[in-house]
Structures are given as C-alpha cells and as structure tokens.
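Please walk me through this structure in plain terms. Begin with the space enclosed inside the chain, then move on to the cores and the individual residues.

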Amino acid sequence: MVDPTAFIHPKAIVEEGATIGPRTRVWAFAHILPGAFIGEDCNICDQVFIENKVRIGNRVTIKCGVQVWDGITLEDDVFIGPNATFTNDPFPRSKHFLDSYPQTLVKQGASIGANATILPGLTIGKGAMVGAGAVVTKDVPPGAIVKGVPARITGYAGAKVLQYTGAPGVPQEPGIYDTSVPGVKIYRQVVIEDMRGKLTVGEAPAGLPFIPKRYYVVYGVPSREVRGEHAHKALHQFLVCLAGECALIVDDGECREEIILNDPSIGLYMPPMIWGVQYKFSPDAVLLVLASEAYDAEDYIRDYDTFLAAVKRQGNRP
C-alpha cells in the first residue's frame, strides 16, 4: 500500500505489496519489492534497491546506490550514505539460498557513511556513526564513532574531550571539580615531591568520595579494545590511571563527556546510574578502580536502552 501523500517518481518501481508511508519520497530508478515496509517522511534516493523482508522506520534517508537486503531493519532517523553496502549472507555461494537471513539492525539516529560495508547480523547502536569506507565486523555500541578497516572505535558522538593535566584553563590546584555530566567529579589530589620522587594521596572524606570495599586493576589492555560499557544501579566508583593513559566516557543519558586520565594525582568519581566506557588504553596503562561495594552481578546494567529506560523511571529525564 502506497500512502496517497507519498511521492513516487515515474521511473521508480514500487511493486504491489510494498508499504510506503505518508510523505515519503521515492526517486528515479529506485526498486522496492513486495513485503518491504517504509515509514513516514523517508527519502529513498536514485538507484536504491530494497528487498522483501526489510523494515524501514520514519524519517530515514537512503542515498544513491544502496541495496537493503532481506533481514535488515533501519530504525527511525537513520542516515545511509551513498553506496554503503549491507550484506546478509556470511558465506555466499551462487544458487545457494539461506532458510533465514541474519538480522542486521541499525538503531535510531545512527549514520552510516559513504562506501561503508556492514557485515551480516550486526547491530549498529543508537546514535552511532560509521565513517566513510569503514568495514564493520562487530556490533557498534550506542553513540560510538567507528572508522577504518576493520572498523575501530575512535570516539563517541557528542562527547566533549577534556584533559585535566596540563590543559589550558583547567584548574591545577588540588580540589574537587565538576564535569559537564551531573554527579561526575574530578578529584585533583595533593602531590608531594622531593628528590626521592613524587607521592600523591587521597583520604576519605576530603580526598575520596566513599570508603572503598573493593578494588580492581585494569592493565595489559590492547590499545584498541573497549572495556566497561555498563552502568551501576547503586555502586559508586573512583578511577585513577596509575601509569600510562586511557580515556573514559561518562554519560548520564543526556550529557556525555570523554575524560583523559594520564596522571595518578587525578581521580574520576562516578556515582550510580552513569554509563561508563573505558578505551584508548596506552600499552603501559594501569587503571585502578575503587568500588563502594562488593561485586554484585545484579547491580550491572549492560544494555544502553535499558539504562536510558531506568534513568527515565527515576524521573531524571522527561
């Protein structure tokens, strides 16, 4: 069914049985097969091919030269750049057909750049960005920016990058400083230096936000690997990079900041209900994490959408 407010170019082919939503535009030489579902206010550009078992949400843009195969879902507000390539068979052979196709999901607000390739059965997370020409071989976390072959995380969309050691305009005096993410704070500890070296110390309650009941140390991390990617319901954490350098993403569901830790006199306090990611580890990085409670698997929230829903239930978001 084609909504009467949709525009179908005379040289496009929309086969009977396809669904085209209100105000969607389908341009020349596009070909849409029966069973495909396309929502409202979409823009399907020239020479786009959309197969049968495809679902496309609202306000989706698909630029020229893209093929969207069976098993692919594009949620609302997704952007697909020109000549981006989706795949749906991990071991294709001529005249061999799968009984069912791997499900590829591009979540709300994600963007895929020109000439990028997405392997079968992956999820591109909410708000993620895939760089032009990237070859995506693994799921992409929400908000992540991935580039290269194979694609690696190089940043997070919307995150301000802040370095608290030696950066212009950043206070260098010992004290507690707010970040742009409410509740997350930087603790700059006292440094004592003489000919024997340097010493830094933190004592509760002035220099530590809680009395730790547990600690763990992250080290020997391959520099391109990502750790964390979860929030805690009740746990407080205090993170110090004892050697080398790493980057931490802190996200309360609305504000996101990337903080570079490269000084053992700098601690990052993360209260509960903050989504945290650690990445960009230098080869010599040693990250110490102090925790307010003993390990509890039930305290973890490992899915970003679940985290956002929990934040909303707490009344912190509309």
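## Cavities, cores and single residues

The largest cavity has a volume of about 70 Å³. The model is a predicted one, and a search of the whole structure turns up two cavities of 30 Å³ or more. The lining of the largest cavity is made of Gly-228, Glu-229, His-230, Ala-231, His-232, Gln-237, Leu-239, Met-270, Ile-274, Gly-276, Val-277 and Gln-278. Strand 29 (227-232), strand 30 (237-243) and strand 34 (275-279) are the elements that each give two or more residues to this lining. Strand 29 supplies the largest share, five residues. Sorted by class, the lining of the largest cavity holds five nonpolar, six polar and one charged residues.

The second largest cavity encloses about 40 Å³. Its lining consists of Pro-142, Tyr-156, Ile-249, Asp-251, Arg-256, Trp-275, Val-277 and Tyr-304. Here the elements that give two or more residues are strand 31 and strand 34. By class, the lining of the second largest cavity has six nonpolar residues, no polar ones and two charged ones. Val-277 is listed in the lining of the largest cavity and also in that of the second largest.

From the cavities we can step back to the chain as a whole. Its secondary structure amounts to one helix and 36 strands. Along the principal axes, the C-alpha atoms fill a box of roughly 80 × 40 × 40 Å. Of the 318 residues in the chain, 43% are buried. Among contacts between residues at least 6 apart in sequence, 43% join residues at least 24 apart.

Next come the nonpolar cores. In soluble globular proteins, nonpolar side chains tend to be buried together. The largest nonpolar core of this model has 56 residues, and the members that touch the most others are Ile-50, Ile-62 and Leu-74. Two or more residues of this core come from each of strand 12 (72-74), strand 21 (144-147), strand 22 (152-156), strand 31, strand 34 and helix 1 (304-313). Helix 1 gives the most to this core, with four residues. Leaving aside neighbours within four places in sequence, Ile-50 is in contact with His-31, Ile-32, Leu-33, Ala-36, Ile-38, Ile-44, Ile-56, Ile-62 and Val-68. There is also a second, separate core of 21 residues, with Val-184, Cys-246, Phe-281 and Val-289 among them.

Some single residues are worth a look, starting with an aspartate in a loop. Asp-252 sits between strand 31 (246-251) and strand 32 (256-261). Its relative accessibility is 8%, so Asp-252 counts as buried. A polar atom of the Asp-252 side chain lies 2.9 Å from the backbone nitrogen of Glu-254. The backbone nitrogen of Cys-255 is 2.7 Å from a polar atom of the Asp-252 side chain.

Tyr-300 belongs to strand 36 (residues 300-301). Is Tyr-300 buried or exposed? Tyr-300 counts as buried because its relative accessibility is 15%, and the cut-off for buried is under 20%. Not counting residues up to four places away in sequence, Tyr-300 touches His-230, Ala-231, His-232, Lys-233 and Tyr-295. Of these, His-230, Ala-231 and His-232 also appear in the lining of the largest cavity. Tyr-300 and Asp-89 are 211 residues apart along the chain, and their C-alpha atoms are separated by 34 Å.

The backbone has a few further features, all of them in loops. The peptide bond from Val-149 to Pro-150 is cis, with omega near -10°, and Pro-150 is in the loop between strand 21 and strand 22. The bond from Ala-204 to Pro-205 is cis as well, with omega near 5°. Pro-205 falls in the loop between strand 27 (197-201) and strand 28 (214-219).

Two residues other than glycine have a positive phi. For Phe-29 the value is about 70°, and this residue lies in the loop between strand 4 (25-26) and strand 5 (31-32). For Asn-83 phi is near 65°. Asn-83 is placed in the loop between strand 13 (79-80) and strand 14 (85-86). With a relative accessibility of 40%, Asn-83 counts as partly exposed.

Terms used
Residues are numbered from 1 along each chain as its sequence is written. Side-chain values use heavy atoms; hydrogens and water are left out. Buried means under 20% relative accessible area, exposed over 50%, partly exposed in between (1.4 Å probe, protein chains only). A polar contact is a pair of N or O atoms within 3.5 Å; within protein, one must be able to donate a hydrogen and the other to accept it, and residues adjacent in sequence count only if both atoms are side-chain atoms. On a 1 Å grid over the protein atoms alone, a cavity is a set of points where a 1.4 Å probe fits but cannot get out, and a pocket is an open set with protein on both sides within 12 Å along at least five of seven lines; lining residues have an atom within 4 Å of a point. Grid points are joined across faces, edges and corners, and a volume is the space filled by probe spheres set on the points. Ala, Val, Leu, Ile, Met, Phe, Trp, Tyr, Cys and Pro count as nonpolar, Asp, Glu, Lys and Arg as charged, and the others, Gly among them, as polar. A nonpolar core is a set of buried Ala, Val, Leu, Ile, Met, Phe, Trp, Tyr and Cys residues joined through side-chain atoms within 4.5 Å. Contact means heavy atoms within 4.5 Å.
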